[in-house]
Amino acid sequence: MTGRADRPNDTTGDPADGPAGTGESGRRAERKARFATWEAAFVRWKAVASRYALLPLRLFLGITFVYAGLDKLTDASFLADTGSGSIGETMRGVRDISAIPGLVDLALKDPSAFGYAISFGELAVGIGTLLGLYARVAALGGALISLSLWLTVSWQVSPYYLGNDLVYLMAWLPLLLAGASVLSLDTFLADRRRRIR
């Protein structure tokens, strides 16, 4: 029977005793390096995700409000004072069940003008939001439009979470607080002003 001492050229001993990069300690070091690489990639991804977190919301609200404004402006029956699907008929239908009947009365003084105001308001808010131009002002406009529609048109919806105007109101609040810090004209113009100084 021969021992290890009798085989000086044997390299099949304990893997942990092998050269650097082999054996258990080498595998552990390799796993640590791989984990460190993944962790660094995750930290970079997390920073990018945080920076662009509000962009999907901004795109959704901007596109939706542009579409809503154009849809109303191109619908002659909506902009009429009377008739099926008109803004006047809608306002008369919700007058007694809205949270603020006085607001509906104000719209009923000239339903067509109110319809144009809502349409152009939605269009301006949507364009401002998409471009990131006066983003907080646009978000405030969107929130006010959503608030007024919630208090009038969709107030009677029960349960409340089925009414979409309240959801839109809540969706505008993060943009109102944070503005549009990426891919926006606000950021471009602010950077330009700093460079000129």
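The exercises below, each with a worked solution, concern a predicted model.

**Exercise 1.** Determine how confident the predictor is in the protein chain, and state how residues 10–18 should be treated.

*Solution.* Begin with the chain as a whole, for which the average pLDDT is 89, with 89% of the residues scoring at least 70. Turn next to residues 10–18, where pLDDT stays under 50 and for which the model has 7 contacts beyond four places in sequence. Where pLDDT is low, the predicted coordinates should not be read in detail. The contacts of residues 10–18 are therefore to be read with that caution.

**Exercise 2.** Describe how the axes of helix H3 and helix H5 are placed, and which residues of the two helices meet.

*Solution.* First take the axes: those of H3 (residues 87–94) and H5 (residues 111–131) come within 8 Å and cross at roughly 100 degrees. Because angles of 65 to 115 degrees count as roughly perpendicular, H3 is roughly perpendicular to H5. Then identify the contact, in which Ile87, Gly88 and Met91 of H3 meet Pro111, Ser112, Phe114 and Gly115 of H5. Finally, sort the residues of this contact by class, which gives 4 nonpolar, 3 polar and no charged.

**Exercise 3.** Find how many cavities of 30 Å³ or more the model holds, and characterise the lining of the largest cavity.

*Solution.* The count comes to 1 cavity of 30 Å³ or more, and the volume of the largest cavity is about 30 Å³. Next, list the lining of the largest cavity, which is formed by Arg58, Thr129, Ala135, Leu175 and Ala180. Sorting this lining by class then yields 3 nonpolar, 1 polar and 1 charged residues.

Technical notes. Residues are numbered from 1 along each chain as its sequence is written. This is a predicted model: local features need pLDDT of at least 70, side-chain atom pairs count only at pLDDT 80 or more; totals for chains, interfaces and linings use all residues. Side-chain values use heavy atoms; hydrogens and water are left out. On a 1 Å grid over the protein atoms alone, a cavity is a set of points where a 1.4 Å probe fits but cannot get out, and a pocket is an open set with protein on both sides within 12 Å along at least five of seven lines; lining residues have an atom within 4 Å of a point. Grid points are joined across faces, edges and corners, and a volume is the space filled by probe spheres set on the points. Ala, Val, Leu, Ile, Met, Phe, Trp, Tyr, Cys and Pro count as nonpolar, Asp, Glu, Lys and Arg as charged, and the others, Gly among them, as polar. Axes are lines fitted to C-alpha atoms, for helices over the stretch in contact, and angles run from 0 to 180 degrees between N-to-C directions. Helices (H or I, at least four residues) and strands (E, at least two) are DSSP runs, numbered from the N terminus. Angles under 35 degrees count as roughly parallel, over 145 as roughly antiparallel, 65 to 115 as roughly perpendicular and the rest as oblique. Contact means heavy atoms within 4.5 Å. pLDDT is the predictor's confidence in each residue, from 0 to 100.
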